[in-house]
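Visitor: Please pick one part of this molecule and walk me through it slowly. I'm new to this, so plain words would help.

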Amino acid sequence: MTQTLDPRGLCPGCAHVRIVESSKGSTFLRCDLAKSDPRYGKYPPQPRMRCEGFVVSVGGGTSS
Ligand code: SF4
């Protein structure tokens, strides 16, 4: 599964997102809210235009 960082969606600007890079160089957006809330998928389909869990991130997503 490969996701592209689509700037049209909410996830890239959300405080709950983590940008994950695979060993093969693919980039994924992982939703950390999925750890505590089953309504959210670990790797939400992109672009996600509406989300009740969205929280503005001051610095954007972080890598892990
Ligand atoms: S809470 Fe919603 S907007 Fe934020 S990373 Fe998860 S799916 Fe994306």
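**A close look around the ligand and Pro 44**

Guide: Let's start at the ligand: 13 residues surround it, and Cys 11, Cys 14, Cys 31, Cys 51 and Gly 53 come nearest. Keep in mind that this is a predicted model. Sorted by class, the shell around the ligand holds ten nonpolar residues, two polar ones and one charged one.

Now step back to the chain for a moment. It has three strands and zero helices, so to speak a β-β-β pattern when you read along the sequence. Strand S1 covers residues 17–21 and strand S2 covers residues 27–31; the two run antiparallel, joined by five bridges. Together S1 and S2 make a hairpin with five residues between them, and Gly 25 in that turn has a positive phi of about 95°. Across the pair, Ile 19 stands opposite Leu 29 in S2.

Leu 29 is our way in to Pro 44, which sits in the loop between S2 and strand S3 (62–63). Along the sequence Pro 44 and Leu 29 are 15 residues apart, yet their C-alpha atoms are 7.4 Å apart in space. Leaving out residues up to four places away in sequence, Pro 44 touches Leu 29, Cys 11 and Cys 31. You met Cys 11 and Cys 31 already, among the residues that come nearest to the ligand.

Is Pro 44 buried or exposed? Buried, because 22 other C-beta atoms lie within 10 Å, and the cut-off for buried is 20 or more. In the chain of 64 residues, 17% count as buried.

How values were computed. Residues numbered from 1 in each chain as written. Predicted model: local features only at pLDDT ≥ 70, side-chain atom pairs only at ≥ 80, totals over all residues. Near = placed C-beta within 6 Å. Nonpolar A, V, L, I, M, F, W, Y, C, P; charged D, E, K, R; others polar. Helix = DSSP H or I, 4+ residues; strand = E, 2+ residues; numbered from the N terminus. Buried ≥ 20, exposed ≤ 12 C-beta atoms within 10 Å, placed from the backbone. Pairing = 2+ DSSP bridges. Contact = placed C-beta atoms within 7 Å.
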